[in-house]
Amino acid sequence: METLVAPHGGALTERIVSPAEEPSLREIAAASPSLVLDARELADLELLAVGAASPLRGFLGAADYESVLARMRLADGTVWPLPLTLAVSDEDAARLERGSAVALRDGRGFLWAVLTVSEVHRRDPLAEARAVYRTEDAAHPGVAYLLSRPVNLVAGEVRAFPLPDDLPFAAHRLTPRQLRARIAAKGWKRVAGFQTRNPIHRAHEHLTKLALEFTDGIVIHPLVGETKGDDVPAAVRFRAYEALLERYYPKDRTLLAAFPAAMRYAGPREALFHALVRKNYGISHLIVGRDHAGVGGYYGPLESQLIFDTFEPAELGITPLRFEPTFFCRACDALASPRTCPHGPADRLDLSGSRVREILRSGGDLPREFTRPEVAEILRTHLGGVGRADGQPRKSGFILWFTGLSGAGKSTLAGRVQEALSGERAVEILDGDEVRTHLSRGLGFSREDRDTNIRRIGFVARLLARNGVGVVTAAISPYAETRAEMRRLADEEGIPFLEVYAEASLDALVQRDVKGLYQKALRGEIAHFTGVSDPYEAPIAPDLVVHTDRDAVEESASQVLGLLAARGLLLSRRAA
């Protein structure tokens, strides 16, 4: 008798055909047109094939799609928060007829499944973005993906072939039926699940062990599908999970399995999706964090937990375990949460992902209270924080962002910094005037155009920095909000970002202005001149202020190099 939680919809809808059906299905595929699926679509197809997406039998048609967007339910009323769809080009859409078969392949040409077309419909990408991600902002990775794909969607049931033999994490890539069998063999009934796309540090380890206190066992179920470029790769994470479980978890009460879904970063909707899908794997209780499946500041800190309250428990069939965020409190000398610790943020050991990467890349050590040393060493090796053959630490990229009024000396200081570091690393300067000439030709000086120019500088800076280049930007960048956006985007990629304010009085700038531009602006002859007829929002808390109207260039440059040295971004302090 089945003692585990029932699959969503009541039964697993596995779509992999039997060995007897496979030859005839291959004949159908050979006589049919093919579609090549991208990584996310392949991940969705795998969920459909193995029954993880039960009760779905294929990619959504228009009625289900619209219902999911509008009310987080399929057309028949079953709770389902995310649209699983298959996008096709205009050319492909024109040749697909209702009732016809189409072969689904990956980029290598490997045949995964055959879809029977039920309809081809169209989506409004921005409407889907607003419904699923609550934003149209293309900086959101889910929105960016959505806007890059065709608007035509082909719907229909799929019949899948056995999964490829060379999929990664084969030993851990358990289907719902396989994982349910493992759980049943252990005699578990109340089963906790932990969804993660990150390494498990001490705070998350603490939460999983709290869950073990009132369940029979726990499945550590990390996502191994496509994630953001700055997320730790699944192969690295799995080495960390295996090391952690080997030494710090009870073997008879813990299972490690791979979850093949791709991340959408859909916050509350994706938290609910992760829970419903885990029912199919036999998990009855899912740990749901405060910002589960979130990214940036697009969702409120509690929304991923509160979304479960908008449905009746019986129609969900899985219990969310809603824990407060956990941290190490120095005053308590213990792992704690806001519910158990009376101390303030100053006593908490709280390291952002970008700070962790910065520490490891520069050769530093993570506190043992934050992460297990085995995990830290695995991450250090991945991030290049181990020594080079010559004993020197590896180089990591950074962004040194100079801001200040025209004539404040930003470009001069950028050149001095590049010259000082040229012997030890690659350094590139992104000068505001040069970027306007080569990348932003045609932009004016409105607020919108200025922000566009700065965002282009920021994009190129991140591209270079993530490849180990030290990037020095020299642009006025007058608006605090846009500069903060550049810092946030760098932080999300783990790129050290240092803001340096080149401060000089207006009188000094007028005196050193050989072109007389300030005088013309003051007379009203030049419109939109920053600092005179257009605003400049000086940084409130920059990493460094250099007073270029009173200090020599050499003194200011020395201060900047000292800042880089203090942040561990110089291979040698000799440059400072």
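## Helix 1: two faces

In this predicted model, helix 1 buries three residues: Glu22, Leu25 and Ala29. Their directions span an arc of only 65° around the axis, so they sit on the same side of helix 1. An α-helix has 3.6 residues a turn, so residues three or four places apart point the same way. The other side of helix 1 carries Glu27 and Ala30, both exposed.

What lies over the buried residues of helix 1? The cover includes strand 4 (101–105), strand 5 (111–116) and strand 7 (152–160).

## Proline 7, ahead of helix 1

Proline 7 belongs to the segment before helix 1 (22–30). Is proline 7 buried or exposed? Its relative accessibility is 11%, and the cut-off for buried is under 20%, so proline 7 counts as buried.

Leaving aside residues up to four places away in sequence, proline 7 touches Leu12, Arg180, Lys279 and Asn280. The contact with asparagine 280 spans a long stretch of chain: 273 residues in sequence. In space, the C-alpha atoms of proline 7 and asparagine 280 are 4.3 Å apart.

## Domains

The domain assignment divides the protein chain into domain 1 (21–160), domain 2 (170–328) and domain 3 (395–567). How far apart are the C-alpha centres of domain 1 and domain 3? They lie 45 Å apart.

## The sheet of strands 8 to 12

Five strands, in the order 10-9-8-11-12, make an open sheet with parallel pairing. Strand 10 (254–256) and strand 12 are its edges, and each pairs on one side only. From one strand to the next, the twist averages 25°.

Strand 11 and strand 12 run parallel and are joined by 4 bridges. Within this pair, valine 288 stands opposite arginine 322 of strand 12. Helix 8 (residues 202–212) packs on the sheet and touches strand 8 (191–194), strand 9 (217–220), strand 11 and strand 12. The direction of helix 8 makes about 145° with that of strand 9. Helix 9 (residues 234–248) also packs on the sheet, with contacts to strand 9 and strand 10. Its direction makes about 165° with that of strand 10.

## The sheet of strands 16 to 20

Another open sheet has 5 strands in the order 17-18-16-19-20, again with parallel pairing. Strand 17 (427–431) and strand 20 (544–547) are the edge strands, each pairing on one side only. Here the twist averages 20° from one strand to the next. Strand 19 (residues 497–503) runs parallel to strand 20, and 4 bridges join them. Which residue of strand 20 is the bridge partner of valine 500? It is leucine 544.

Two helices lie across these strands. Helix 17 (residues 447–465) crosses strand 16 (398–403), strand 17 and strand 18 (470–474), at about 150° to strand 16. Helix 21 (residues 553–566) lies across strand 16, strand 19 and strand 20, at about 170° to strand 20.

## Salt bridges

How many salt bridges does the structure hold? The count is 31. Side chains of opposite charge can pair when their charged atoms come close. One of these pairs is glutamate 136 with arginine 130, whose closest N and O atoms are 2.4 Å apart. Glutamate 136 has 37% relative accessibility and counts as partly exposed. Arginine 130, at 42%, is partly exposed too. Glutamate 246 pairs with lysine 251, with 3.9 Å between the closest N and O atoms. Lysine 251 is exposed, with a relative accessible area of 52%.

Arginine 290 forms a salt bridge with glutamate 324, the closest N and O atoms lying 3.7 Å apart. Why does this pair tie together separate parts of the chain? Arginine 290 is in the loop between strand 11 (285–288) and helix 11 (303–306), while glutamate 324 is in the loop between strand 12 (319–322) and strand 13 (327–329), so the pair links parts that are 34 residues apart in sequence. Arginine 290 is partly exposed, with a relative accessible area of 27%. Glutamate 324 is partly exposed as well, at 28%. Salt bridges also link Arg202, Glu205, Lys209 and Arg372 in a network.

How values were computed
Residues numbered from 1 in each chain as written. Predicted model: local features only at pLDDT ≥ 70, side-chain atom pairs only at ≥ 80, totals over all residues. Heavy atoms only, no water. Buried < 20%, exposed > 50% of the residue type's maximum accessible area, 1.4 Å probe, protein only. Contact = heavy atoms within 4.5 Å. Salt bridge = Lys/Arg side-chain N within 4 Å of Asp/Glu carboxyl O. Pairing = 2+ DSSP bridges. Axes fitted to C-alpha atoms, helices over the stretch in contact; angles between N-to-C directions. Domains from an automatic or database assignment. Arc of directions from axis to C-beta.
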